Amino acid sequence: MDRYAVVGNPVAQSKSPSIHEAFARATGQAMTYERILGPLGAFAETARRFAEEGGRGLNVTAPFKRDALAIAARASERAQAAGACNTLAREGDTWYADNTDGAGLVRDLTVNRGVALAGIDVLLLGAGGAARGVLLPLLAQQPRAIVISNRTASKADALVERFGARGPLTAVPPGALGGRRFDVVINATSAGLDPNAVWPWSEGLFANGAFAYDMIYGDAPTRFIRWASGQGVERTADGLGMLVEQAAESFFLWRGVRPPTADAFELLRPTR
Ligand code: ATR
């Protein structure tokens, strides 16, 4: 049986094993998928040992996504652009690095939620690794504009500097957005994880019929989604769909088969 695993630290919380087991059942693929708690500072060693034991592919989560890119002999353009790798695949005696996070987000938005991104105005909140990881796939959908807004403005400016040639990308600090309204607002900040964090954006950023998407997910509606709902936004989603879709992209890379995702999504969705 071909072996796959997710490596992280911590890793106990990872839903990837349940998702990939559901995919393997649905597609009849003979494979196993385990969790590996990676010792900090030793990702290369963890990956090498897994490969020596016959491992075929790894999902990589915090804090190893940069290390995973660094050990690969070859990397996809989207992994290079993201500066991070969430999927490693064995290629002969070396690793191939990919990043399926952005594709997962785009697929969840466009296919599962029916939100066409072409020609619309998108606001991306945050300029850390999560935001950078989805920029190229979002731009490839040809929105009319993507505005990056970050608490630390210089980090949004740096992303525009780097990717501005790839599409209509601008950076606007939270305090300077007044009067602009967006069709899709994506939260790529980690602000919701800290209950005491001050939220730097004012209300009034959502156009009529706008969609609010939080890349973070939780058992209860996230802080960002509550913020959007409180302003009358009716179309919202958290990042659980993105999680399932990025996994499907990884599975496709490894197995050459695109798994159905609806069942895995239902399996994970807590009953509210
Ligand atoms: P990730 O890989 O999850 O993106 P990160 O690189 O640490 O993690 O980035 C976290 C993002 O959340 C950043 O955009 C950060 O803003 P700063 O660049 O100003 O630090 C954003 N963030 C975290 N806490 C926040 C808060 N309370 N309000 C607004 N943005 C916040």
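This is a tutorial dialogue on reading a predicted model, feature by feature.

User: Where should I begin, and which residues have the most contacts inside the largest nonpolar core?

Analyst: A nonpolar core gathers buried residues that are joined through side-chain atoms, and in this predicted model the largest such core has 31 residues, with L105, L117, I186 and Y213 having the most contacts inside it. At least two residues of this core come from each of helix 5 (101-112), strand 7 (121-125), helix 6 (129-140), strand 8 (145-149), helix 7 (153-163), strand 10 (182-187) and strand 11 (206-214). Helix 6 supplies the largest share, six residues.

User: What is L105 in contact with, leaving aside its neighbours within four places in sequence?

Analyst: With those neighbours set aside, L105 is in contact with V134, L138, I186, Y213, M215 and M242. There is also a second core, separate from the one just described, which has 20 residues, including V6, L240, A264 and L268.

User: How do I read a helix, and which residues of helix 5 are buried?

Analyst: An α-helix has 3.6 residues a turn, so residues three or four places apart point the same way. In helix 5, the buried residues are D101, G102, A103, G104, L105, V106, D108 and L109, and what covers them includes helix 3, helix 4 (77-82), helix 6, strand 10, strand 11 and helix 9. Helix 5 has 12 residues and spans 15 Å from its first C-alpha to its last, close to the 16 Å expected at 1.5 Å a residue. Just after helix 5 comes G114, which takes a positive phi of about 70°.

User: What covers the buried residues of helix 1?

Analyst: The covering elements include strand 1 (2-8), strand 2 (31-37), strand 3 (55-60), helix 9 (240-255) and helix 10 (262-268), and the buried residues beneath them are S16, P17, I19, H20, A22, F23 and A24. Helix 1, residues 16-27, has 12 residues and reaches 16 Å from first C-alpha to last, close to the 16 Å expected at 1.5 Å a residue. G28 follows helix 1, with a positive phi near 70°.

User: Which residue other than glycine has a positive phi near 60°, and is that residue buried or exposed?

Analyst: The residue is Q142, whose phi is near 60°, and Q142 is found in the loop between helix 6 and strand 8. Exposed means over 50% relative accessible area, and because Q142 has 61% relative accessibility, Q142 counts as exposed.

User: Is W95 buried or exposed, and in which strand does W95 lie?

Analyst: The cut-off for buried is under 20% relative accessible area, and W95 is buried because its relative accessible area is 6%. W95 lies in strand 6, residues 94-98. Distance along the sequence and distance in space are worth reading side by side: W95 and R74 are 21 residues apart in sequence and 6.9 Å apart in space, C-alpha to C-alpha.

User: Where are the cis peptide bonds that join N9 to P10 and A62 to P63?

Analyst: The angle to look at is omega, which is about 5° for the cis bond between N9 and P10 and about 5° for the cis bond between A62 and P63. P10 is found in the loop between strand 1 and helix 1, while P63 is placed in the loop between strand 3 and helix 3.

User: How much space lies in the largest pocket, and which residues are closest to its centre?

Analyst: A pocket is an open set of points, whereas a cavity is one that a probe cannot get out of. The largest pocket holds about 1,500 Å³ of space, and 50 residues line it, of which T61, A62, K65, A130 and I216 are the closest to its centre. Strand 3, helix 3 (65-71), helix 6 and helix 9 are the elements that give two or more residues to this lining, with the largest share, five residues, coming from helix 6. By class, the lining of the largest pocket divides into 23 nonpolar, 19 polar and eight charged residues.

User: How many cavities of 30 Å³ or more does a search of the whole structure find, and what lines the largest cavity?

Analyst: The search finds one cavity of 30 Å³ or more, and about 40 Å³ of space lies in the largest cavity. Its lining consists of R78, A81, A82, R132, G133, L135, L136, P137 and F163, which by class are six nonpolar, one polar and two charged residues. Helix 4 and helix 6 each supply at least two residues of this lining, and helix 6 gives the most, five residues.

Definitions and conventions
Residues numbered from 1 in each chain as written. Predicted model: local features only at pLDDT ≥ 70, side-chain atom pairs only at ≥ 80, totals over all residues. Heavy atoms only, no water. Core = buried A, V, L, I, M, F, W, Y, C linked by side-chain atoms within 4.5 Å. Buried < 20%, exposed > 50% of the residue type's maximum accessible area, 1.4 Å probe, protein only. Helix = DSSP H or I, 4+ residues; strand = E, 2+ residues; numbered from the N terminus. Contact = heavy atoms within 4.5 Å. Expected span 1.5 Å × (residues − 1). 1 Å grid on protein atoms, 1.4 Å probe; cavity = no way out; pocket = protein on both sides within 12 Å on 5 of 7 lines; lining within 4 Å. Points joined across faces, edges and corners; volume = space filled by probe spheres on them. Nonpolar A, V, L, I, M, F, W, Y, C, P; charged D, E, K, R; others polar.
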